[in-house]
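Trainee: I would like to go through this model side chain by side chain, beginning with charges and then turning to rings and strands. Could we take it slowly?

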Amino acid sequence: EVQVVESGGDLVQAGGSLRLSCAASGFTFDDYAIGWFRQAPGKEREGVSCISSSSDGSTYYADSVKGRFTISSDNAKNTVYLQLNSLKPEDTAVYYCAAGAPPDCLRTDFSSWGQGTQVTVSS
């Protein structure tokens with residue numbers, strides 16, 4: 001069974017940092033792309049970042065987080081990380097990771113979703 005589990009959300013002050021983790025199991029890591037999404041109260045879910053876990057390792061970022069967030073993967077641990085720096089109150093949301101095939105962020109069907117982890121940024 002394909003599973004992804006997020007962790008690392010917390011309450012942090014504006015300007016602070018967090019590292020979110022997405023632990024994956026039940027599939028060959030190299031064959032999937034892993035994406036991070038977020039949903040704030042009253043807003044639609046939006047894509048934040050994505051990484052192809054194949055040797056290509058292509059990464060993508062939403063314009064709103066470019067230069068502040070960094071996605072990376074540890075294939076040996078089947079874990080994808082999202083480093084959040086220079087956090088702003090508008091980054092407050094539930095952050096979800098999702099896995100999908102093929103390992104191409106531009107074509108992936110994100111079919112397996114985690115339960116989410118709450119990130120709250122205070123001003």
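Trainee: Is Asp 63 buried or exposed, and what is its relative accessible area?

Mentor: Bear in mind that this is a predicted model. The side chain of Asp 63 meets that of Lys 66 in a salt bridge, at 3.2 Å from N to O. The cut-off for calling a residue exposed is over 50% relative accessible area, and Asp 63 counts as exposed because its value is 66%.

Trainee: Which residue forms a salt bridge with Arg 68?

Mentor: Arg 68 lies in the loop between strand E6 and strand E7, while its partner lies in the loop between strand E8 and strand E9, so the pair ties together parts that are 23 residues apart in sequence. Both partners are buried, and the closest N and O atoms are 2.7 Å apart. The partner of Arg 68 is Asp 91.

Trainee: Which residues are joined with Arg 68 and Asp 91 into one network of salt bridges?

Mentor: The side chains in question meet in a salt bridge of their own, at 2.6 Å from N to O. One of them is buried, with a relative accessible area of 5%, whereas the other is partly exposed, at 34%. Through salt bridges that share partners, the residues joined to Arg 68 and Asp 91 are Arg 38 and Glu 46.

Trainee: Turning to the rings, how many residues apart are Phe 37 and Trp 113?

Mentor: Phe 37 and Trp 113 form a tilted aromatic pair, with 4.7 Å centre to centre and 50° between the planes. This pair links distant parts of the chain, since Phe 37 belongs to strand E4 and Trp 113 to strand E10, and the separation is 76 residues.

Trainee: Which residue has its charged end over the ring of Trp 113?

Mentor: Trp 113 counts as partly exposed, at 28% relative accessibility, and ring pairs link it with Phe 37 and Phe 110 into a cluster. A charged end sits over the ring of Phe 37, 5.8 Å from its centre, and that charged end also sits over the ring of Trp 113, 4.0 Å from its centre. The residue is Arg 45.

Trainee: Finally, which residues make up the covered face of strand E1?

Mentor: In a regular strand the side chains alternate between the two faces of the sheet. Strand E1 pairs with strand E3 in the antiparallel sense over five bridges, and Val 4 stands opposite Ala 24 in E3. With Gln 3, Val 5 and Ser 7 on the uncovered face, the covered face holds Val 4 and Glu 6.

Terms used. Residues are numbered from 1 along each chain as its sequence is written. This is a predicted model: local features need pLDDT of at least 70, side-chain atom pairs count only at pLDDT 80 or more; totals for chains, interfaces and linings use all residues. Side-chain values use heavy atoms; hydrogens and water are left out. Rings of Phe, Tyr and Trp (its six-membered ring) pair if their centres lie within 6.5 Å; planes under 30 degrees apart count as stacked, over 60 as edge-to-face and the rest as tilted. Helices (H or I, at least four residues) and strands (E, at least two) are DSSP runs, numbered from the N terminus. Buried means under 20% relative accessible area, exposed over 50%, partly exposed in between (1.4 Å probe, protein chains only). A charge sits over a ring if NZ of Lys or CZ of Arg is within 6 Å of the ring centre and within 35 degrees of the ring normal. Two strands pair if DSSP finds at least two bridges between them. A salt bridge is a side-chain nitrogen of Lys or Arg within 4 Å of a carboxyl oxygen of Asp or Glu.
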